[in-house]
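This explanation leads a new reader through the structure displayed below. It moves from the pairing of strands to the core, the surroundings of the ligand and some individual residues.

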Amino acid sequence: MTISLRTERLLLRPWHDDDLAAFAAMSADPAVMEFLWPFPDLEACQAWVAWARRHWDQHGFGQWVVEIPGEASFIGVIGLAVVDYDAHFTPAVEIAWRLARAYWGHGYATEAAHVALDYGFGELGLAEIVAVTVPANLRSRRVMERLGMSRDPADDYDHPALPESPLQRHVLYRLRNPRIRR
Ligand SMILES: CC(C)(COP(=O)(O)OP(=O)(O)OC[C@H]1O[C@@H](n2cnc3c(N)ncnc32)[C@H](O)[C@@H]1OP(=O)(O)O)[C@@H](O)C(=O)NCCC(=O)NCCS
């Protein structure tokens, strides 16, 4: 079962079958994909959406579709995912986000990420949530920093699924569950 979350301006909701077209349109924008592994065609988008929906069934959490109620039924995707490769910080759950270009610069990613983190730390009781990106993705890193996540350069790593790629080098940001005392 997929739950929905509300913020002041946003609804984080389950996937609908007709979200694929909006997801594909967002994924066709080079600005959105600048630091992401490209989706060459609709089939690749379909596979990603199928994976995102399957993740909910397998783990009971995942990435939500973000909408602005009464204004836009799909502005992007934000949520939690089990890191699906081996690295020095795995097993781990990451928070990830991608918004259509028209919705950057409004604080929407940070607003949605706050409730997603709260869900991960509260309902799911996760001890830590990480976020990863390439060093040059400064917009995404600024979201991580606004959320209070911290980076140790010693945690930087080469993404094992992207060998020989300009996207291979990654930075890692971590956030501990503030509700769990160590
Ligand atoms: C990464 C991404 C989600 C960041 O989006 P964003 O809109 O810059 O981030 P936020 O939602 O936190 O918005 C913050 C910006 O909105 C501005 N803003 C405007 N109104 C605001 C409001 N009411 N509240 C908060 N911030 C507001 C802030 O000043 C800030 O701008 P700045 O970074 O230029 O200073 C977006 O760039 C994206 O989807 N990129 C492509 C996909 C991608 O790379 N994903 C990450 C993979 S790791």
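In this predicted model, arginine 13 stands opposite valine 65 in strand 3. The pair belongs to the antiparallel pairing of strand 2 (residues 11-13) with strand 3 (residues 63-68), which extends over three bridges. Strand 3 also runs antiparallel to strand 4, and five bridges join these two strands. Here glutamine 63 faces glycine 79 of strand 4 across the pairing. Strand 3 and strand 4 form a hairpin with three residues between the strands, and in this hairpin glycine 70 adopts a positive phi near 80°.

A second group of pairings involves strand 9. Strand 6 (residues 128-133) pairs with strand 9 in the antiparallel sense, over six bridges. Within this pairing, valine 130 lies opposite arginine 174 of strand 9. Strand 7 (residues 150-151) is likewise antiparallel to strand 9, with two bridges between them. The residue of strand 9 that serves as bridge partner to arginine 151 is tyrosine 173. Strand 8 pairs with strand 9 too, in the antiparallel sense and over two bridges. In that pairing, aspartate 158 has arginine 169 of strand 9 as its bridge partner. As a general point on such elements, the side chains of a regular strand alternate between the two faces of the sheet.

Arginine 174 also offers a way from strand 9 to a helix. Its C-alpha atom is separated by 9.9 Å from that of glutamate 145, although the two residues are 29 residues apart along the chain. Glutamate 145 belongs to helix 5. Is this residue buried, exposed or partly exposed? Glutamate 145 counts as partly exposed, because it has 14 C-beta neighbours inside 10 Å.

The interior may be considered next. The largest nonpolar core contains 35 residues, and those touching the most other members are Val66, Ile78, Ala109, Ala112, Ala113 and Ala116. Helix 4 is the element that gives the most to this core, with six residues. Alanine 109 shows how distant parts of the sequence meet: apart from its neighbours within four places in sequence, alanine 109 is in contact with Ile78, Trp97, Leu99 and Val143.

Alanine 109 also leads to the ligand. There are 20 residues around the ligand, and those that come nearest are Trp104, Gly107, Ala109, Thr110 and Thr133. Strand 5 (93-99), helix 4 (108-121) and helix 5 (138-146) are the elements that give two or more residues to this shell. Helix 5 supplies the largest share, five residues. By character, the shell comprises nine nonpolar, seven polar and four charged residues.

Helix 1 (residues 19-27) has Phe23, Met26 and Ser27 as its buried residues. These residues lie on the same side of helix 1, because they cover an arc of only 95° around the axis. What covers the buried residues of helix 1 includes helix 2 (30-33), helix 3 (42-59), strand 4 (72-82) and strand 5.

Methionine 26, one of the buried residues of helix 1, is 7.7 Å from arginine 101, C-alpha to C-alpha, whereas 75 residues separate the two in sequence. Arginine 101 is located in the loop between strand 5 and helix 4. Arginine 101 counts as exposed because it has 12 C-beta neighbours inside 10 Å, and the limit for an exposed residue is 12 or fewer. Leaving aside neighbours within four places in sequence, the contacts of arginine 101 are Asp29, Ala31 and Val32.

Two backbone features in loops complete the account. Most residues other than glycine have a negative phi, and most peptide bonds are trans. The peptide bond from threonine 90 to proline 91, by contrast, is cis, with omega near 0°. Proline 91 lies in the loop between strand 4 and strand 5. The other feature concerns glutamate 164, a residue other than glycine whose phi is positive, near 65°. Glutamate 164 sits in the loop between strand 8 (157-158) and strand 9 (169-176). Glutamate 164 is exposed, because 5 other C-beta atoms lie within 10 Å.

Notes: Residues numbered from 1 in each chain as written. Predicted model: local features only at pLDDT ≥ 70, side-chain atom pairs only at ≥ 80, totals over all residues. Near = placed C-beta within 6 Å. Helix = DSSP H or I, 4+ residues; strand = E, 2+ residues; numbered from the N terminus. Nonpolar A, V, L, I, M, F, W, Y, C, P; charged D, E, K, R; others polar. Buried ≥ 20, exposed ≤ 12 C-beta atoms within 10 Å, placed from the backbone. Contact = placed C-beta atoms within 7 Å. Arc of directions from axis to C-beta. Core = buried A, V, L, I, M, F, W, Y, C linked by C-beta atoms within 7 Å. Pairing = 2+ DSSP bridges.
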